[in-house]
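Welcome to a short set of exercises on one protein chain. Take each task on its own first, then compare your steps with the worked solution.

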Amino acid sequence: MINALAQNNAGSTPTEEDLAGWADQYNLTIPVLADENWELESRFAQDNGIPSWTLLGPGAEVLAHDDWASEGMIPDALPASYP
């Protein structure tokens, strides 16, 4: 699972400092990536709400999109053979 942030408070692509601040603010332990020009978000978002989460399973199957997924959902998304 990843979290993508498209803009900082100035409306620009987030810097590494912005991304770290977002992760700290929301107590995230998953990677937070910059999503320049909303390219990633636009593939999965339905209501343009922020944040929007996408959970991928084996074979990159979309298991949850435009959702507030939690880390607790990850174990169920892993393949049965995952150690």
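Helices (H or I, at least four residues) and strands (E, at least two) are DSSP runs, numbered from the N terminus. The model is a predicted one, in which local features need pLDDT of at least 70 and side-chain atom pairs count only at pLDDT 80 or more, while totals for chains, interfaces and linings use all residues. Residues are numbered from 1 along each chain as its sequence is written, and side-chain values use heavy atoms, with hydrogens and water left out.

**Exercise 1. Confidence and layout**

Find where in the chain confidence is lowest and where it is highest, then write down the order of the elements.

*Solution.* Step 1: start with pLDDT, the predictor's confidence in each residue, from 0 to 100. The chain averages 82, and 84% of the residues score at least 70.

Step 2: go through the elements. Helix H1 (residues 16-25) has the highest confidence, with a mean of 94, and helix H2 (residues 41-44) the lowest, with a mean of 71.

Step 3: list the elements. The chain has 3 helices and 4 strands, and from the N terminus on they run β-α-β-α-β-β-α.

**Exercise 2. The chain as a whole**

Describe burial, contacts and surface for the chain.

*Solution.* Step 1: sort the residues by relative accessible area (buried is under 20%, exposed over 50%, partly exposed in between, with a 1.4 Å probe and protein chains only). Of the 83 residues, 28% count as buried.

Step 2: take contacts, meaning heavy atoms within 4.5 Å. Among those between residues at least 6 apart in sequence, 36% join residues at least 24 apart.

Step 3: compute the accessible surface by the Shrake-Rupley method with a 1.4 Å probe; for residues, only the protein chains shown count as cover. The chain comes to about 5,700 Å², and carbon and sulfur atoms account for 48% of that.

**Exercise 3. The core and helix H1**

Which residues make up the largest nonpolar core, and why are the buried residues of H1 on the same side?

*Solution.* Step 1: apply the definition of a nonpolar core, a set of buried Ala, Val, Leu, Ile, Met, Phe, Trp, Tyr and Cys residues joined through side-chain atoms within 4.5 Å. The largest has 8 residues: Leu5, Leu19, Trp22, Ala23, Leu28, Ile30, Val32 and Trp53. H1 gives the largest share of this core, 3 residues.

Step 2: look along H1, where Leu19, Trp22 and Ala23 are buried. They lie on the same side of H1 because they cover an arc of only 100 degrees around the axis; the arc is that of the directions from the helix axis to the C-beta atoms.

Step 3: turn the helix over. The face away from the buried side carries the exposed residues Glu17, Asp24 and Gln25.

Step 4: find the packing partners. The buried residues of H1 pack against strand E1 (3-5) and E2. Leu19, for example, touches Leu5, Pro14, Val32, Leu33 and Ala34, not counting residues up to four places away in sequence.

**Exercise 4. Positive phi outside glycine**

Compare the positive phi values of Asn27 and Trp38, and say how exposed each residue is.

*Solution.* Step 1: recall the background. Most residues other than glycine have a negative phi.

Step 2: Asn27 follows H1, in the loop between H1 and E2. Its phi is positive, about 55 degrees, and at 65% relative accessibility Asn27 counts as exposed.

Step 3: Trp38 is in the loop between E2 and H2. Its phi is near 60 degrees, and Trp38 is partly exposed at 31%.

**Exercise 5. Two polar residues in loops**

Are Asp35 and Asn8 buried or exposed, and which polar contacts do their side chains make?

*Solution.* Step 1: Asp35 is in the loop between strand E2 (32-34) and H2. Its relative accessible area is 4%, so Asp35 is buried.

Step 2: search for polar contacts (pairs of N or O atoms within 3.5 Å; within protein, one must be able to donate a hydrogen and the other to accept it, and residues adjacent in sequence count only if both atoms are side-chain atoms). The Asp35 side chain reaches the backbone nitrogen of Glu39 at 3.1 Å.

Step 3: Asn8 belongs to the loop between E1 and H1. Asn8 has a relative accessible area of 18%, so this residue is buried too. A polar contact of 3.0 Å joins its side chain to that of Asp18.
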